[in-house]
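Please look over the sequence and the structure shown below before reading on. The questions that follow go through burial, charge pairing, backbone angles and separations in turn.

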Amino acid sequence: MSDTSDRRDLLILGGGLVGMTLALAAAKKGMTSHVVDRADPADLTAEGFDGRASAISTASWNLFTNIGLAQRLEADASPISKIAVSDQLKPGQLDFVPDDPADTLGRMFANRTLRLALFEAAKDEPLIHWHARAGVIERRRGEHGVSVRLADGKELEASLMIGAEGRGSPTREDAGIAMANWQYDHRAIIAGLTHEKPHGQVAWEIFYPAGPFALLPLKDDADGTHRSALVWTVAERDAAGVLKLGDRAFTAEVEKRMGRLFGAITGVGPRSSYPLGFHHTATITAERLALVGDAAHGIHPIAGQGLNLGLRDVGALVQVLDDNLRLGLEPGEAQGLARYERWRGLDAFMVALATDGLTRLFGVPGETASAVRRFGMAGVQRLPVLKDWFMDEARGVSGDMPDLLVA
Amino acid sequence: MADARKAKLTIREDEAAHFGALAAEWWDPAGSSAMLHRLNPVRLAFLREAIDLHWGTSIEGRRPLAGKLSLDVGCGAGLLCEPLARMGAEVTGIDAAPENTAAAAAHAEGAKLDIRYMAGELAEQDIGTFDLVTAMEVIEHVADKPAFVAQLVRHLAEDGLLVLSTPNRTAQSRLLLVGAAEAVGAIPRGTHHWSDFVTPEELADLLGAEGLKMSEPRGIAFSPFKGLHLSDDTSLNYIVTARRTAPPST
């Protein structure tokens, strides 16, 4: 480590949605950061409708509001006014509707919209030093600080290292933190759809034995075209075939599963896919290291909670670090990291287990299982307490909330 | 004790040796000082509130002690001195064991903090007065408590703030701090002598004799869910502030 380099509070490895939000939230509290990302921002924000979208829960939206991002995003939000859960489009549908019609169950955004807003905000923030198209050659963590060496020879130093590179986090691997890991033998196919009728701001979760088929309401195109994001779970052995389908055949398969909910499917964007699995680390901290987002816990996208979980990590970590700095303690100090670990470890694990259970529950084939599920859904429909709990979970407002996630 | 007191006013040599032997591990958060590391954010939270109340500084600020002189008595390897320095103070740390101040100086250098460390007896130092004087978990280890308190007050600026923390002398502290904690190794054996512990009433009297008024004590309690935390329960450990009631008579 050289004395001449620009030592900062945080060294954030991975500049995705979670890493970028962390840098911004930390900057709002006066913390300086290096953010290192392999990708070229121009590629990540390039035009095109790839269907990748995220549900932003009420709690996550509070975080965006508190760090000044909500203003930039408000116009692009597609509020979810209802979540409809259905077993193979049979009767016995379960609807989640907030009591107050002005309230939402979250807001849908194309990931590209989120990335652009974050880039713009980060560009204006003097406390963030962005290193794009940068590969990390070596990571070091020691008693007094952390550092990385980049491929171009540059050395970056900070008090705390943060692994935010997503599921395959090399920082986590480098620290030797093991991950509990099982595959579902399923793959999520993601695509943007345009359709004839408006979606009415309804998010659909339609469960099939092969896995959930989710339609998430996006904002209409500039020319008024109605759009939704599709997250379709298929068995691994069928995935390659589905991805190879031509547009017309793919559309036919999609229509078979969603019926005429939104009228005719008028167009389908490029398809992407990723394997689904249950990922959870036994620990999310080590000496002068904290993991956030999917680097710590990758969950099934069935309930759209992955990014929200990562943003709760951000809120908790920034609060812990801010408290530390008020007390004259360094960001990398061990007691603060232990507090972050206690705060986030269990919450993330519970959400991961719940979504895992949901996937397994709806993955049981056969008419009897289907009838039991519909009976169960009807029960939840009639029990306000249980329904409120599910809605609070979807909004992300249950549990011990970090200050940044409270309005 | 009378002869020893002349030369060594307050430090008990066996105590200094006990802590000196632990010096190497002071900064390992999982080492023999783990309990002190866990205690640190708790007592710092109390201290921060006391600082903001005393000087009217903003609770959000990062350097509430900017421009202030701060003295930490019984500083160990600098667990408290370093945060004080980051909060902006010009810090002096003093400890009876030279092993401790050596470890403290080495750590401060690594952390790039400018802190003055001194080994020895407070009474023998001619270092003037300080805006903030702290003695955390120290008074229970000194032999002559009135003399020790007098030395603390001698180094306190007229409008200065004194902060002390120490274990209470109760049935609970005898059972938990000395008995159980040492038996399971949470605190190194021989760290505490229960009969030397001071109750809040006794401490108020010691401070009162030097013209200082002590605040209501805050407890530092332990629960399996919250860990160590500030509490109304003072039966194990407590922390207080003190300030002068009237100008010193000198």
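Q: Is A:Leu325 buried or exposed?
A: The model discussed here is a predicted one, and A:Leu325 is placed in helix α9 of chain A. Burial is assigned under 20% relative accessible area, and the value for A:Leu325 is 15%. Because that value falls under the cut-off, the residue is classed as buried.

Q: What distance separates the C-alpha atoms of A:Leu325 and A:Glu196?
A: Along the chain, A:Leu325 and A:Glu196 are 129 residues apart. In space, the separation of their C-alpha atoms is 54 Å.

Q: Which residue in helix α9 of chain A is linked by a salt bridge to A:Arg344?
A: The side chain of A:Arg344 takes part in a salt bridge with an N to O distance of 2.7 Å. The pair links distant parts of the chain, with A:Arg344 in helix α10 (residues 334-362) and its partner in helix α9 (residues 306-326), 31 residues apart. Both members of the pair are buried, and the partner of A:Arg344 is A:Asp313.

Q: How many salt bridges does the structure hold over all chains?
A: Side chains of opposite charge can pair when their charged atoms come close. A salt bridge is counted for a side-chain nitrogen of Lys or Arg within 4 Å of a carboxyl oxygen of Asp or Glu. Over all chains, the number of salt bridges is 26.

Q: Why does the salt bridge of B:Arg86 and A:Glu330 join two chains?
A: The side chains of B:Arg86 and A:Glu330 meet at 3.9 Å, N to O. B:Arg86 belongs to helix α4 (residues 81-86) of chain B, while A:Glu330 belongs to the loop between α9 and α10 of chain A, so the pair joins two chains, B and A.

Q: Which of the two, B:Arg86 or A:Glu330, is buried?
A: B:Arg86 has a relative accessibility of 22% and therefore counts as partly exposed. For A:Glu330 the relative accessible area is 15%, which is under the 20% cut-off for burial. The buried residue is therefore A:Glu330.

Q: Which residues are linked with B:Arg86 and A:Glu330 in a network of salt bridges?
A: The network takes in residues of chain A and of chain B. Besides B:Arg86 and A:Glu330, the residues linked in this network are A:Arg7, A:Arg288 and B:Glu82.

Q: What is the approximate phi of A:Arg288?
A: A:Arg288 is found in the loop between β18 (285-286) and β19 (289-291) of chain A, and at 7% relative accessibility this residue counts as buried. Although A:Arg288 is not a glycine, its phi is positive, at about 55°.

Q: Where in chain A is A:Gln88 found?
A: A:Gln88 is a residue other than glycine with a positive phi, near 55°. Its place in chain A is the loop between β5 (82-87) and β6 (94-96).

Q: What is the relative accessible area of B:Arg48?
A: B:Arg48 forms a salt bridge with B:Asp52 at 3.0 Å, N to O, and both residues lie in helix α3 of chain B, four residues apart, about one turn of the helix. B:Asp52 counts as buried at 7% relative accessibility. B:Arg48 is buried as well, with a relative accessible area of 1%.

Q: Which residue offers the backbone oxygen that the side chain of B:His54 reaches?
A: B:His54 is likewise found in helix α3 of chain B, and is buried at a relative accessible area of 18%. Its side chain reaches a backbone oxygen at 2.8 Å, and that oxygen belongs to B:Asp159.

Q: How far apart in space are B:Ser33 and B:Ile187, C-alpha to C-alpha?
A: B:Ser33 lies in the loop between α2 and α3 of chain B, where this residue is buried at a relative accessible area of 6%. B:Ser33 and B:Ile187 are 154 residues apart in sequence, and the C-alpha to C-alpha distance is 7.3 Å.

Q: Which residues form a negative surface patch with B:Asp28?
A: B:Asp28 is found in the loop between α2 (13-21) and α3 (34-55) of chain B, and is partly exposed with a relative accessible area of 36%. The negative surface patch that includes B:Asp28 is completed by A:Glu143, A:Glu287 and B:Glu25.

Methods: Residues are numbered from 1 along each chain as its sequence is written. Chains are lettered from A and ligands numbered from 1 in the order in which they are written. This is a predicted model: local features need pLDDT of at least 70, side-chain atom pairs count only at pLDDT 80 or more; totals for chains, interfaces and linings use all residues. Side-chain values use heavy atoms; hydrogens and water are left out. Patches are made of residues with over 30% relative accessible area and no salt bridge: like charges are joined within 9 Å, nonpolar side chains (Val, Leu, Ile, Met, Phe, Trp, Tyr) within 5 Å. Accessible areas come from the Shrake-Rupley method with a 1.4 Å probe; for residues, only the protein chains shown count as cover. Lys and Arg count as positive and Asp and Glu as negative; His and the chain ends are not counted. The place of a charge is taken as NZ of Lys, CZ of Arg, CG of Asp or CD of Glu. Buried means under 20% relative accessible area, exposed over 50%, partly exposed in between (1.4 Å probe, protein chains only). A polar contact is a pair of N or O atoms within 3.5 Å; within protein, one must be able to donate a hydrogen and the other to accept it, and residues adjacent in sequence count only if both atoms are side-chain atoms.
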